[in-house]
Amino acid sequence: MKSRRTVLKGAAGTAAGIGLTALGTAQEARAAGAAGGGAAPAYRNPLVRQRADPHIVRHSDGYYYFTATVPEYDRIVLRRARTLGGLAQAPETVIWEKHGSGEMAAHIWAPEIHFIDGAWYIYLAAGRSDDVWAIRMYVLENTARNPLQGRWRERGRIATRWESFSLDATTFVHRGTRYLAWAQHDPSQNNNTDLYLSAMDSPWSVTGPQVRLSRPELPWETIGFSVNEGPAVLRRNGRVFMTYSASATDANYCMGLLTAPDTADLLDPGSWTKSRQPVFTSNDSTGQYGPGHNSFTVAENGRTDVLVYHARQYKEIEGDPLDDPNRHTRVQTLGWNADGTPHFGIPVADHPATRRPERG
(Lines give C-alpha, C1' and ligand atoms only; values in the text may rest on other atoms or scores of the structure.)
Protein backbone atom coordinates (compact mmCIF):
# COMPACT_ATOMS: atom_id res chain seq x y z
CA MET A 1 0.00 0.00 0.00
CA LYS A 2 1.46 3.36 -1.01
CA SER A 3 2.00 5.97 1.62
CA ARG A 4 -0.66 8.63 1.53
CA ARG A 5 2.02 11.24 2.13
CA THR A 6 4.09 9.98 -0.81
CA VAL A 7 1.13 9.89 -3.16
CA LEU A 8 -0.10 13.36 -2.25
CA LYS A 9 3.36 14.96 -2.10
CA GLY A 10 1.95 18.23 -0.86
CA ALA A 11 -1.45 17.18 0.24
CA ALA A 12 -2.50 16.77 3.83
CA GLY A 13 -1.64 15.15 7.09
CA THR A 14 -3.43 12.18 8.45
CA ALA A 15 -6.69 12.41 10.24
CA ALA A 16 -6.85 9.02 11.80
CA GLY A 17 -5.78 8.96 15.43
CA ILE A 18 -6.78 7.13 18.61
CA GLY A 19 -6.58 7.68 22.37
CA LEU A 20 -6.94 5.80 25.69
CA THR A 21 -8.34 6.80 29.15
CA ALA A 22 -6.41 7.08 32.41
CA LEU A 23 -6.61 7.65 36.13
CA GLY A 24 -5.42 11.19 36.87
CA THR A 25 -1.89 11.71 38.08
CA ALA A 26 -1.17 14.06 40.97
CA GLN A 27 -0.17 16.71 38.44
CA GLU A 28 -3.45 16.26 36.60
CA ALA A 29 -5.44 16.51 39.82
CA ARG A 30 -3.71 19.78 40.73
CA ALA A 31 -4.49 21.16 37.29
CA ALA A 32 -8.12 20.14 37.65
CA GLY A 33 -8.34 21.88 40.99
CA ALA A 34 -7.17 25.07 39.32
CA ALA A 35 -10.21 24.81 37.06
CA GLY A 36 -12.49 25.20 40.06
CA GLY A 37 -14.46 22.11 39.13
CA GLY A 38 -14.18 20.35 42.49
CA ALA A 39 -12.87 16.80 42.68
CA ALA A 40 -11.65 15.61 39.30
CA PRO A 41 -13.29 12.39 38.10
CA ALA A 42 -10.99 9.42 37.56
CA TYR A 43 -10.71 7.84 34.13
CA ARG A 44 -9.09 4.57 33.20
CA ASN A 45 -6.89 4.29 30.12
CA PRO A 46 -7.28 3.14 27.47
CA LEU A 47 -10.92 4.13 27.15
CA VAL A 48 -11.53 2.49 23.76
CA ARG A 49 -8.83 0.52 21.97
CA GLN A 50 -8.09 0.90 18.27
CA ARG A 51 -10.36 3.89 17.84
CA ALA A 52 -8.61 6.95 16.41
CA ASP A 53 -9.53 10.64 16.05
CA PRO A 54 -12.00 10.34 18.94
CA HIS A 55 -14.91 12.72 19.24
CA ILE A 56 -17.13 12.74 22.33
CA VAL A 57 -20.06 15.05 23.02
CA ARG A 58 -22.33 15.22 26.05
CA HIS A 59 -25.89 15.87 24.89
CA SER A 60 -28.84 17.40 26.77
CA ASP A 61 -30.38 13.92 27.09
CA GLY A 62 -27.65 13.06 29.60
CA TYR A 63 -25.75 10.70 27.29
CA TYR A 64 -22.19 10.88 26.05
CA TYR A 65 -21.95 10.09 22.33
CA PHE A 66 -18.70 8.70 20.94
CA THR A 67 -17.43 8.21 17.39
CA ALA A 68 -13.93 7.71 15.99
CA THR A 69 -11.91 6.36 13.07
CA VAL A 70 -11.79 2.57 12.87
CA PRO A 71 -8.51 1.00 11.64
CA GLU A 72 -10.21 -0.57 8.61
CA TYR A 73 -11.23 2.93 7.43
CA ASP A 74 -14.49 1.50 6.07
CA ARG A 75 -17.38 2.55 8.34
CA ILE A 76 -18.66 4.94 10.97
CA VAL A 77 -19.43 3.65 14.45
CA LEU A 78 -21.32 5.24 17.31
CA ARG A 79 -21.81 4.36 20.96
CA ARG A 80 -23.38 6.13 23.92
CA ALA A 81 -23.29 5.89 27.70
CA ARG A 82 -24.34 7.87 30.77
CA THR A 83 -20.70 8.27 31.86
CA LEU A 84 -17.41 8.69 30.05
CA GLY A 85 -16.10 5.48 31.56
CA GLY A 86 -19.23 3.70 30.43
CA LEU A 87 -18.28 4.28 26.80
CA ALA A 88 -15.58 1.63 27.17
CA GLN A 89 -18.14 -1.20 27.37
CA ALA A 90 -21.06 0.44 25.59
CA PRO A 91 -22.43 -1.45 22.56
CA GLU A 92 -21.08 -0.11 19.30
CA THR A 93 -23.44 0.46 16.38
CA VAL A 94 -22.36 0.75 12.74
CA ILE A 95 -24.44 3.66 11.47
CA TRP A 96 -22.95 4.05 7.99
CA GLU A 97 -20.62 2.08 5.69
CA LYS A 98 -18.45 3.19 2.80
CA HIS A 99 -19.80 3.12 -0.75
CA GLY A 100 -18.93 0.22 -3.01
CA SER A 101 -17.57 2.56 -5.68
CA GLY A 102 -17.17 6.24 -6.54
CA GLU A 103 -17.16 8.90 -3.84
CA MET A 104 -17.07 8.02 -0.13
CA ALA A 105 -15.67 4.58 -0.95
CA ALA A 106 -12.27 4.66 0.80
CA HIS A 107 -10.38 6.12 3.75
CA ILE A 108 -13.34 6.92 5.98
CA TRP A 109 -11.64 9.17 8.51
CA ALA A 110 -12.19 11.40 11.51
CA PRO A 111 -15.98 11.44 12.03
CA GLU A 112 -17.42 14.05 14.38
CA ILE A 113 -20.99 14.12 15.72
CA HIS A 114 -22.82 17.40 16.36
CA PHE A 115 -26.42 18.30 17.28
CA ILE A 116 -27.56 21.34 15.27
CA ASP A 117 -31.06 22.87 15.15
CA GLY A 118 -32.84 19.69 16.22
CA ALA A 119 -30.93 17.21 14.05
CA TRP A 120 -27.75 15.15 14.33
CA TYR A 121 -24.89 15.66 11.90
CA ILE A 122 -21.74 13.67 11.31
CA TYR A 123 -18.79 15.29 9.53
CA LEU A 124 -16.34 12.88 7.94
CA ALA A 125 -13.56 12.63 5.39
CA ALA A 126 -13.55 10.06 2.58
CA GLY A 127 -11.69 9.14 -0.61
CA ARG A 128 -12.82 7.66 -3.91
CA SER A 129 -12.66 4.07 -5.09
CA ASP A 130 -10.67 5.17 -8.17
CA ASP A 131 -8.43 7.54 -6.14
CA VAL A 132 -8.30 6.68 -2.45
CA TRP A 133 -6.23 9.78 -1.71
CA ALA A 134 -8.79 12.19 -3.20
CA ILE A 135 -9.94 12.94 0.34
CA ARG A 136 -12.85 15.37 0.73
CA MET A 137 -15.27 16.36 3.52
CA TYR A 138 -18.85 15.07 3.69
CA VAL A 139 -21.90 15.43 5.96
CA LEU A 140 -24.53 12.94 7.17
CA GLU A 141 -27.84 13.97 8.79
CA ASN A 142 -30.24 12.14 11.14
CA THR A 143 -33.41 13.72 12.53
CA ALA A 144 -34.12 10.94 15.07
CA ARG A 145 -33.96 11.85 18.75
CA ASN A 146 -31.50 9.01 19.33
CA PRO A 147 -28.75 9.04 16.64
CA LEU A 148 -28.25 5.29 17.03
CA GLN A 149 -31.72 4.99 15.53
CA GLY A 150 -33.39 6.58 12.52
CA ARG A 151 -31.87 6.97 9.06
CA TRP A 152 -28.62 8.73 8.23
CA ARG A 153 -29.09 10.79 5.07
CA GLU A 154 -26.08 11.81 2.99
CA ARG A 155 -26.06 15.59 2.65
CA GLY A 156 -23.11 15.51 0.27
CA ARG A 157 -19.66 17.03 0.02
CA ILE A 158 -18.68 20.33 1.63
CA ALA A 159 -17.54 22.53 -1.28
CA THR A 160 -14.51 24.71 -0.58
CA ARG A 161 -12.41 27.15 -2.61
CA TRP A 162 -10.15 24.46 -4.05
CA GLU A 163 -10.77 20.98 -5.32
CA SER A 164 -7.98 19.57 -3.17
CA PHE A 165 -7.24 17.24 -0.26
CA SER A 166 -9.43 18.36 2.67
CA LEU A 167 -10.46 16.75 5.93
CA ASP A 168 -11.08 17.09 9.68
CA ALA A 169 -14.15 19.33 9.55
CA THR A 170 -15.44 20.60 12.88
CA THR A 171 -18.15 23.15 13.63
CA PHE A 172 -18.92 25.57 16.46
CA VAL A 173 -21.04 28.65 17.18
CA HIS A 174 -19.56 31.94 18.33
CA ARG A 175 -21.59 35.10 18.91
CA GLY A 176 -24.50 33.81 16.88
CA THR A 177 -22.48 32.67 13.85
CA ARG A 178 -21.82 29.05 13.02
CA TYR A 179 -18.33 28.34 11.72
CA LEU A 180 -16.58 25.45 10.01
CA ALA A 181 -12.90 24.81 10.73
CA TRP A 182 -10.97 22.27 8.68
CA ALA A 183 -7.62 21.24 7.18
CA GLN A 184 -6.88 21.54 3.46
CA HIS A 185 -4.01 21.47 0.99
CA ASP A 186 -3.31 24.75 -0.80
CA PRO A 187 -2.30 23.71 -4.34
CA SER A 188 0.14 26.62 -4.54
CA GLN A 189 2.15 25.37 -1.55
CA ASN A 190 4.69 22.58 -1.21
CA ASN A 191 3.33 21.39 2.11
CA ASN A 192 0.54 19.15 3.34
CA THR A 193 -2.37 20.94 5.04
CA ASP A 194 -3.18 24.34 6.52
CA LEU A 195 -6.05 25.25 8.87
CA TYR A 196 -9.03 27.18 7.48
CA LEU A 197 -12.13 28.86 8.89
CA SER A 198 -15.38 29.99 7.25
CA ALA A 199 -18.90 30.95 8.26
CA MET A 200 -21.65 28.43 7.45
CA ASP A 201 -25.05 29.02 5.85
CA SER A 202 -26.25 25.47 6.55
CA PRO A 203 -24.85 22.50 8.47
CA TRP A 204 -23.39 21.20 5.19
CA SER A 205 -22.17 24.36 3.40
CA VAL A 206 -19.92 27.37 3.95
CA THR A 207 -20.42 30.96 2.85
CA GLY A 208 -18.26 34.04 2.49
CA PRO A 209 -14.49 34.22 2.98
CA GLN A 210 -12.49 31.07 3.62
CA VAL A 211 -9.49 32.25 5.59
CA ARG A 212 -6.27 30.49 6.50
CA LEU A 213 -5.58 30.60 10.23
CA SER A 214 -2.37 28.58 10.39
CA ARG A 215 0.25 27.04 8.11
CA PRO A 216 2.87 24.51 9.28
CA GLU A 217 6.02 26.58 9.59
CA LEU A 218 7.56 25.86 12.98
CA PRO A 219 10.08 23.02 13.42
CA TRP A 220 7.70 20.85 15.49
CA GLU A 221 4.96 21.23 12.85
CA THR A 222 7.07 19.89 9.99
CA ILE A 223 8.70 16.67 11.22
CA GLY A 224 8.15 14.01 8.60
CA PHE A 225 5.38 16.04 6.95
CA SER A 226 4.27 19.67 7.08
CA VAL A 227 0.89 19.31 8.74
CA ASN A 228 -1.72 21.37 10.55
CA GLU A 229 -4.91 19.31 10.97
CA GLY A 230 -7.60 18.13 13.38
CA PRO A 231 -8.87 21.48 14.76
CA ALA A 232 -10.96 21.49 17.95
CA VAL A 233 -12.51 24.56 19.58
CA LEU A 234 -13.11 25.48 23.22
CA ARG A 235 -14.46 28.84 24.42
CA ARG A 236 -13.43 29.82 27.94
CA ASN A 237 -12.28 32.81 29.99
CA GLY A 238 -12.95 35.46 27.37
CA ARG A 239 -11.03 33.65 24.64
CA VAL A 240 -11.54 31.19 21.82
CA PHE A 241 -9.00 28.35 21.85
CA MET A 242 -8.38 26.15 18.82
CA THR A 243 -6.14 23.14 19.22
CA TYR A 244 -4.71 21.33 16.21
CA SER A 245 -2.31 18.48 15.44
CA ALA A 246 1.01 18.70 13.61
CA SER A 247 3.79 16.63 11.97
CA ALA A 248 3.75 12.98 10.95
CA THR A 249 1.37 10.58 12.69
CA ASP A 250 4.14 8.68 14.51
CA ALA A 251 5.70 9.68 17.83
CA ASN A 252 6.31 13.17 16.39
CA TYR A 253 2.58 13.88 16.24
CA CYS A 254 1.73 16.64 18.73
CA MET A 255 -0.71 19.45 19.43
CA GLY A 256 -0.48 23.19 18.96
CA LEU A 257 -2.80 25.99 20.07
CA LEU A 258 -4.34 29.06 18.43
CA THR A 259 -5.93 31.73 20.65
CA ALA A 260 -8.24 34.64 19.81
CA PRO A 261 -10.04 37.14 22.06
CA ASP A 262 -13.74 36.39 22.52
CA THR A 263 -14.63 39.79 21.02
CA ALA A 264 -12.39 39.47 17.95
CA ASP A 265 -13.38 38.91 14.34
CA LEU A 266 -12.55 35.21 14.05
CA LEU A 267 -12.31 35.50 10.26
CA ASP A 268 -9.42 37.94 10.61
CA PRO A 269 -6.25 35.80 10.75
CA GLY A 270 -4.63 38.62 12.72
CA SER A 271 -7.00 37.91 15.61
CA TRP A 272 -5.28 34.58 16.28
CA THR A 273 -2.01 33.95 18.12
CA LYS A 274 -0.16 30.67 17.57
CA SER A 275 1.74 28.92 20.36
CA ARG A 276 5.45 28.92 19.53
CA GLN A 277 5.88 25.51 21.17
CA PRO A 278 3.62 22.44 21.13
CA VAL A 279 1.21 22.22 24.05
CA PHE A 280 0.86 18.40 24.19
CA THR A 281 3.55 15.92 23.14
CA SER A 282 4.81 12.34 23.46
CA ASN A 283 6.09 11.41 26.89
CA ASP A 284 8.60 8.66 27.70
CA SER A 285 7.81 8.68 31.43
CA THR A 286 4.17 7.76 30.87
CA GLY A 287 4.77 5.65 27.75
CA GLN A 288 2.41 7.57 25.47
CA TYR A 289 3.40 8.55 21.95
CA GLY A 290 1.91 10.69 19.19
CA PRO A 291 -0.92 12.30 21.18
CA GLY A 292 -3.28 14.33 19.06
CA HIS A 293 -6.41 14.77 16.99
CA ASN A 294 -8.29 15.80 20.08
CA SER A 295 -11.75 16.94 21.00
CA PHE A 296 -13.16 18.42 24.21
CA THR A 297 -16.03 17.35 26.42
CA VAL A 298 -17.16 17.94 30.00
CA ALA A 299 -16.95 15.64 33.00
CA GLU A 300 -19.90 14.04 34.72
CA ASN A 301 -20.00 16.89 37.25
CA GLY A 302 -20.90 19.24 34.37
CA ARG A 303 -18.04 21.63 35.19
CA THR A 304 -14.67 20.02 34.66
CA ASP A 305 -13.29 20.20 31.11
CA VAL A 306 -12.00 16.92 29.67
CA LEU A 307 -9.43 16.43 26.92
CA VAL A 308 -10.15 13.58 24.49
CA TYR A 309 -7.31 12.41 22.23
CA HIS A 310 -5.48 9.43 20.76
CA ALA A 311 -2.01 8.03 21.40
CA ARG A 312 0.04 4.87 20.95
CA GLN A 313 1.84 2.94 23.66
CA TYR A 314 5.10 2.62 21.71
CA LYS A 315 7.40 4.58 19.41
CA GLU A 316 8.49 1.90 16.97
CA ILE A 317 6.11 1.44 14.06
CA GLU A 318 6.62 -1.07 11.27
CA GLY A 319 5.75 0.45 7.90
CA ASP A 320 3.31 3.32 7.35
CA PRO A 321 1.88 4.66 10.63
CA LEU A 322 -1.53 4.71 8.93
CA ASP A 323 -1.40 0.92 8.79
CA ASP A 324 -0.75 0.59 12.52
CA PRO A 325 -4.10 0.07 14.30
CA ASN A 326 -3.00 0.73 17.88
CA ARG A 327 -3.95 4.33 18.41
CA HIS A 328 -6.32 4.24 21.34
CA THR A 329 -8.90 6.72 22.64
CA ARG A 330 -7.84 8.42 25.87
CA VAL A 331 -9.42 11.03 28.14
CA GLN A 332 -8.00 13.12 30.96
CA THR A 333 -8.91 16.22 32.90
CA LEU A 334 -7.98 19.52 31.27
CA GLY A 335 -6.58 22.06 33.72
CA TRP A 336 -6.43 25.85 33.58
CA ASN A 337 -3.55 28.18 34.31
CA ALA A 338 -3.90 31.30 36.45
CA ASP A 339 -3.93 33.47 33.32
CA GLY A 340 -6.98 31.65 31.96
CA THR A 341 -5.16 29.56 29.36
CA PRO A 342 -5.56 25.77 29.19
CA HIS A 343 -3.04 23.56 30.98
CA PHE A 344 -2.67 20.33 28.99
CA GLY A 345 0.05 18.74 31.09
CA ILE A 346 1.31 15.41 29.76
CA PRO A 347 -0.52 12.37 28.36
CA VAL A 348 -1.19 10.35 31.50
CA ALA A 349 -0.01 6.79 31.93
CA ASP A 350 -2.19 3.76 31.47
CA HIS A 351 -3.78 2.46 34.64
CA PRO A 352 -2.96 -0.19 35.34
CA ALA A 353 0.16 -0.20 33.21
CA THR A 354 -0.35 -2.37 30.16
CA ARG A 355 2.16 -4.32 28.16
CA ARG A 356 2.92 -3.49 24.56
CA PRO A 357 -0.03 -4.75 22.49
CA GLU A 358 0.37 -7.33 19.80
CA ARG A 359 0.49 -5.99 16.24
CA GLY A 360 -2.30 -6.80 13.84
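# A quick tour of a predicted protein model

About 690 Å³ of space lies in the largest pocket of this structure, which is a predicted model. The pocket makes a handy starting point, and from there we can look at the strands, the cavities and one loop residue. As for the whole chain, it has 2 helices and 21 strands, and 60% of its 360 residues count as buried.

**The largest pocket**

- The lining of the largest pocket is made of 27 residues, and those closest to its centre are Val-57, His-114, Thr-171, Val-233 and Phe-296.
- Five elements each give two or more residues to this lining: β1, β5 (106-116), β9 (166-174), β13 and β17 (289-298).
- Sorted by class, the lining of the largest pocket holds 13 nonpolar, 8 polar and 6 charged residues.

**Strand β2 and its two partners**

- Strand β2 covers residues 64-69, and because 6 of its 6 residues are buried, it is largely enclosed by the rest of the structure.
- You can check this face by face: Tyr-64, Phe-66 and Ala-68 are buried on one side of β2, and Tyr-65, Thr-67 and Thr-69 are buried on the other.
- One partner is strand β1 (residues 52-58), which pairs with β2 in the antiparallel sense over 5 bridges.
- In that pairing, Val-57 stands opposite Tyr-65 in β2; you have already met Val-57 among the residues closest to the centre of the largest pocket.
- The hairpin of β1 and β2 has 5 residues between the strands, and there Gly-62 takes a positive phi near 90°.
- Another partner is strand β3 (residues 75-81), joined to β2 by 3 bridges, again in the antiparallel sense.
- Here Tyr-64 of β2 stands opposite Ala-81 in β3.
- The hairpin of β2 and β3 also has 5 residues between its strands, and in this one Tyr-73 takes a positive phi near 55°.

**The cavities**

- The structure holds 2 cavities of 30 Å³ or more, and about 40 Å³ of space lies in the second largest cavity.
- That second largest cavity is lined by 10 residues, the closest to its centre being Pro-71, Tyr-73, Asp-324, Pro-325 and Arg-327.
- Tyr-73 therefore turns up twice in this tour: in the hairpin of β2 and β3, where it takes a positive phi, and in the lining of the second largest cavity.
- The lining residues of this cavity divide into 7 nonpolar, 1 polar and 2 charged.

**An open sheet**

- Strands β13, β14, β15 and β16 form an open sheet in the order β13-β14-β15-β16, with antiparallel pairing.
- The edge strands of this sheet are β13 (228-236) and β16 (273-274), each pairing on one side only.
- Strand β13 is joined by 7 bridges to strand β14 (residues 239-246), and these two run antiparallel.
- Within this pair, Asn-228 stands opposite Ala-246 in β14.
- Strand β13 also links the sheet to the start of our tour, as one of the elements that line the largest pocket.

**A loop residue**

- Gln-89 is found in the loop between β3 and β4 (93-97).
- Is Gln-89 buried or exposed? Gln-89 has a relative accessible area of 73%, so it is exposed, the cut-off being over 50%.
- Gln-89 and Leu-47 are 42 residues apart in sequence, yet their C-alpha atoms are 9.0 Å apart in space.

**The chain as a whole**

- Among contacts with a separation of 6 or more, 56% are between residues 24 or more positions apart.
- The protein chain exposes about 13700 Å², and carbon and sulfur atoms supply 47% of that area.

Definitions and conventions
Residues numbered from 1 in each chain as written. Predicted model: local features only at pLDDT ≥ 70, side-chain atom pairs only at ≥ 80, totals over all residues. Heavy atoms only, no water. Pairing = 2+ DSSP bridges. Helix = DSSP H or I, 4+ residues; strand = E, 2+ residues; numbered from the N terminus. 1 Å grid on protein atoms, 1.4 Å probe; cavity = no way out; pocket = protein on both sides within 12 Å on 5 of 7 lines; lining within 4 Å. Points joined across faces, edges and corners; volume = space filled by probe spheres on them. Nonpolar A, V, L, I, M, F, W, Y, C, P; charged D, E, K, R; others polar. Buried < 20%, exposed > 50% of the residue type's maximum accessible area, 1.4 Å probe, protein only. Contact = heavy atoms within 4.5 Å. Areas by Shrake-Rupley, 256 points an atom, 1.4 Å probe, with all protein chains shown as cover.
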